[in-house]
Amino acid sequence: MNEANDFLWWKHGVICEIWPRSFYDANGDGSGDLQGITRKLDYLAELGIDGIWLGPVNKSPMVDSGYDVADYRSIDPIYGTMADFEQLLAEAHRRKIHIIMDLVVNHTSDQHAWFKESRSSRDNPKRDWYIWHDGKKGGAPSNWQALVGGSVWQWDKATKQYYLHSFLKTQPDLNWRNPAVSQEIYATMRFWLDKGVDGFRCDILNYFLKDEQLRDNPWSLSAGIFNGFQKHLYSRGQPGMEAILRQMRAVLDEYKERMMVGEVYVAQDGPAMAAAFMGKGDLCHLSFEFSLLFTKWDAARFKEMIKRWYSVLPEEGWPCNVLSNHDQPRAVTRYAAAPDTQKRARVMAAFLLTLRGTPFLYYGEEIGMPDSPIKRSDVMDTIGKMYWPIVKGRDGERNPMQWDAGKFAGFSAVKPWLPLNADYSAVNVEVQDKEPSSVLNFYRKLTALRRAQPALQKGGFEWIESDKDLIAYRRTWQDNEITIILNFSGSSRAHKIDAGLPLKVLLGTHRDSGSPVDKGPLAVYPYEVLALGA
Ligand code: NOJ
């Protein structure tokens, strides 16, 4: 913690998720890489972010885009070398940008040396590093369904047992009940922390522990296709996780100002579970709550979800907020059909950056970039390959960043690994940089406002009563008080300002900064954003 102003980067700052393959291609092979990210650090610094969550970059056969790690202490050649990684880290730190890595340790790739050993024979010392079982009554050991459909159990002909995979069959689950596994993972965490990495985004923490008795899950139509139509009572989320999180936290606490943010997959499990992974603020520093990624554009719904999220948080916990990531269509694609796209993007930006909690942006969100349309022949994501056209996969939201109007959007000198958006000549960094009212410049102003106003970084939060299409709240830190009013509708809405002190616009979409806003009735313009202060 910086004693001078007690700014804690992961708590008071802004974090941006970068999908490494799609940010910037420095070596001209059509795929983004680490050197590409390094080259764009000045852009990120200017955007006003304090941290990067770097999508998975360890060596991987890329069956699940790097969420299938073949070697935890390496960098995949697609992205560059360890030296490139170290350079990125040093250059980011020079700009006060922190870097957290994806820690994907519920499972490995089946190409990991540990799994190759484990499957080589029943008495291999690494056998028990994974979850192997005999069949039951001539079939799989339990009825558990993988998140991507089908049984979690895969028959291994050579050793005549089944191994467990919560995701793809090429992603065997590690056996977290084996201390040799956990110790090795903690050592891996230290390996990266020693390099100076600022922490981890921990993949699917709620899957680590499974029922030891392998009890069957109850079937349930309402659980939906992505839960294999069953309630996952026994196949995930079993007691004992707190002790593991405590150990992971202890590793981080051996270092200064490091953090972990937990992913609890998927939304159906709800915010209470996400909150539980923070303990009393002594387990995960942050934990993702994904409800906003699954709801429609509706101020009342948004408000209800944030209320619920705040209400389940432990007193010592700290929220983080997210509108987009690499697993769901981008927020502007979900919510913002033309012609309101850019207007809605500004409202979302203000919402995300002024709520209580750490905002996680997803690269491209700052220019209001939508998903790319994906044809069958473009599909890279295995989920899309398996389930097309019912499920088209996650390639759309993992699309190349739109830097300029050039041939390949300034992303690469050659055809990018995924298709570009048709609109990139209009929606790109170069164009928006020059346009004062662009979404990009609005994001920059919002991050600057957060930095200038402690109430937005760390202040208390109080709802202000409003029309159902508006969301209004007050953030307060000592005598710093900021009022936020957001109009989620395309028509104007009445609001009543009843502040004690005279207010003025600190930042807005429709009124000049500095202009006074009087006590009494106020007509809020369609999609207007207002940040008011004394
Ligand atoms: C969650 C990640 O966000 C997703 O992209 C991945 O496929 C699964 N975990 C499996 O690791």
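1. How far is a polar side-chain atom of Arg394 from an oxygen atom of the ligand? The distance comes out at 3.0 Å. Bear in mind while reading on that this is a predicted model.

2. Staying with the ligand, Arg394 has company. His326 puts an N or O atom of its side chain 2.8 Å from a ligand oxygen, and for His107 a polar side-chain atom sits 3.0 Å from an oxygen atom of the ligand. As for cover, the ligand on its own has 290 Å² of accessible area, and the protein covers 99% of that.

3. The surroundings of the ligand take in 13 residues. The ones that come nearest are Asp64, Asp203, His326, Asp327 and Arg394, so two names from the polar contacts turn up here again: His326 and Arg394.4. Now the sheets. One is open, with eight strands running β9-β8-β7-β3-β2-β1-β11-β10 and parallel pairing. Its edges are β9 (286-287) and β10 (320-322), each pairing on one side only.

5. Within that sheet, look at β7 (residues 199-202) next to β8 (residues 259-262): the two pair in the parallel sense over four bridges. If you want a residue to start from, Arg201 stands opposite Val261 in β8. Helix α6 (residues 179-195) packs on this sheet and touches both β3 (98-103) and β7. The direction of α6 makes about 135 degrees with that of β7.

6. There is also an open sheet of six strands, and its pairing is antiparallel. The order reads β12-β13-β14-β19-β16-β17. At the edges stand β12 (460-464) and β17 (516-517); each has a single partner strand, so one side of each is left without a neighbour in the sheet.

7. For a detail in the six-stranded sheet, try β13 (residues 470-477) and β14 (residues 480-487), which pair in the antiparallel sense over eight bridges. Ala472 has Ile485 as its bridge partner in β14. Helix α14 (residues 439-452) packs on the sheet here, in touch with β16 (503-508) and β19 (529-533). Its direction and that of β16 make an angle of about 130 degrees.

8. Last, the domains. The assignment gives domain 1 as 9-108 + 179-210 + 239-447, domain 2 as 113-164 and domain 3 as 460-533. How far apart are the C-alpha centres of domain 2 and domain 3? They lie 57 Å apart.

How values were computed:
Residues numbered from 1 in each chain as written. Predicted model: local features only at pLDDT ≥ 70, side-chain atom pairs only at ≥ 80, totals over all residues. Heavy atoms only, no water. Pairing = 2+ DSSP bridges. Contact = heavy atoms within 4.5 Å. Axes fitted to C-alpha atoms, helices over the stretch in contact; angles between N-to-C directions. Near = heavy atom within 4 Å. Polar contact = N/O pair within 3.5 Å; in protein donor to acceptor, adjacent residues only side chain to side chain. Areas by Shrake-Rupley, 256 points an atom, 1.4 Å probe, with all protein chains shown as cover. Domains from an automatic or database assignment.
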